[in-house]
Amino acid sequence: MSQDYLRTRRRIVTIIMLLGLCLIAIPSLDAASLLPGDIVVTDFDTSALIKVDPLTGDQELIAQGGNLDRPAGLTMDSAGQLIVADIGSASLGKLIKVDPITGDQTVIVSTHSLVEPVIDANGDYLVTANAPGYSAYGVKRITPLGDETWLSSNGYLESPEGICFGVDGHLLVADPSSGVLGPEDDILHINRTSGVQSVISANNLFMDPVDVAVEDADHIFVLDDLLNALLRVVVSNGSQSIVSSGNLISNPNTMAVEASGMVLITDHANGLLRIDPSDGSQSVLSSGGYFSVPQGLYVVVPEPAATGLIMIVVTTCGLLIRRK
Ligand SMILES: [Ca+2]
Ligand SMILES: [Ca+2]
Ligand SMILES: [Ca+2]
């Protein structure tokens, strides 16, 4: 056997071993046990957090009961922990951190009824909230230590529910209900530092806009639980149109957009629905099982760490191949 052959063979063995080590390392990066694209649903009635497989619709229980009473909206922090808003009862709710592997629960704060959280760049939670006796409505800023202030309250806000970040980095809030201060059913823009409110779109087709999500730079999706419809709103002029309505959408609660652009909707009657916004077609992804009143919805976004790992593999292999 020639020296060249032995060198090449050693190099191939080294590369295979490195790839093997990387494969062993991958599961520890996914310590959350939730992979990008996985769906987490909260259920009001069964007080549960349920993982749903995006391909099969199979359900797996993450946590149930304990501090979870009527879990609503949720998100995930940079450490892979689920942050759950709980509406609770008598307008007394909680913000709860849940470990998706162990199901362990930590109460961040016990406060007013909380509907849906997002996480600000500094790690604070921005959460739609209703105060006891509905004396105040708005968006709370809650620090990781549980200190809370109103970022924005009352004004156009009457019963805020869905919240998300818009493409400009500020907040979009869905505000159904009826009120006394002008536009009643509306999607609001709220400055995430000053709390200043402005109306993006109001009334017209809206009957009870309960959730909002970004479609692209100038379009947002709005879910309406009285119209039983998924709507599209042009951000720059507030115009509304129907993407999909009726049929399986019979008592919708919240929505989330998948990486593919498909829209997921929780529906009291029909479970977890998937809507193709290009033609409005509807299908059931998951139903029954742990679902009784499926409420909140979160889709795990791809982890940037995976790109780093691929870069290490490519760079290492490249160096090995170049070395003589
Ligand atoms: Ca939402
Ligand atoms: Ca209404
Ligand atoms: Ca309003």
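Modeller: Two strands pair if DSSP finds at least two bridges between them; helices (H or I, at least four residues) and strands (E, at least two) are DSSP runs, numbered from the N terminus. In the structure above, valine 257 stands opposite valine 263 in strand 20.

Biologist: How should the model itself be read?

Modeller: This is a predicted model, in which local features need pLDDT of at least 70 and side-chain atom pairs count only at pLDDT 80 or more, while totals for chains, interfaces and linings use all residues. Residues are numbered from 1 along each chain as its sequence is written, with chains lettered from A and ligands numbered from 1 in the order in which they are written.

Biologist: What pLDDT does the protein chain average, and which stretches are below 50?

Modeller: The pLDDT is the predictor's confidence in each residue, from 0 to 100. The average for the protein chain is 87, and 82% of the residues score at least 70. Over residues 20-32, however, the pLDDT is below 50, and this stretch has eleven contacts in the model beyond near neighbours in sequence. Residues 305-317 also have a pLDDT below 50, with eight such contacts. A contact here means that the C-beta atoms of two residues, placed from the backbone, lie within 7 Å.

Biologist: How many helices and strands does the protein chain have?

Modeller: The protein chain has two helices and 23 strands. Of its contacts with a separation of 6 or more, 45% are made by residues 24 or more positions apart. Leucine 49 gives an example of such a pattern of touching: leaving out residues up to four places away in sequence, Leucine 49 touches Val40, Thr42, Ile62, Ala63, Leu68, Pro71, Leu82, Val84 and Val98.

Biologist: Which strands form the open sheet that contains strand 19, and which of them stand at the edges?

Modeller: The order is 19-20-21-22, and the pairing of these four strands is antiparallel. Strand 19 (252-257) and strand 22 (281-286) stand at the edges; each has a single partner strand, so one side of each is left without a neighbour in the sheet. Strand 19 and strand 20 (residues 263-267) run antiparallel and are joined by four bridges. Alanine 256 has leucine 264 as its bridge partner in strand 20. These two strands form a hairpin with five residues between them, and glycine 261 in the turn has a positive phi of about 95°.

Biologist: Which strands make up the open sheet that includes strand 15?

Modeller: Four strands form this open sheet in the order 15-16-17-18, with antiparallel pairing. At its edges stand strand 15 (209-216) and strand 18 (240-245), each with a single partner strand, so one side of each lacks a neighbour in the sheet. Strand 17 (residues 229-234) pairs with strand 18 over five bridges in the antiparallel sense. The bridge partner of leucine 231 in strand 18 is isoleucine 242.

Biologist: How many residues of strand 19 and of strand 23 are buried?

Modeller: A residue is buried if 20 or more other C-beta atoms lie within 10 Å of its own, exposed if 12 or fewer, and partly exposed in between. Of the 324 residues in the protein chain, 39% are buried. Strand 19 is mostly covered, with five of its six residues buried. In strand 23 (residues 294-299), five of the six residues are buried, so this strand is largely enclosed by the rest of the structure.

Biologist: With which strand does strand 23 pair over four bridges?

Modeller: Strand 1 (residues 39-43) pairs with strand 23 in the antiparallel sense over four bridges. Within this pair, valine 299 of strand 23 is the bridge partner of isoleucine 39.
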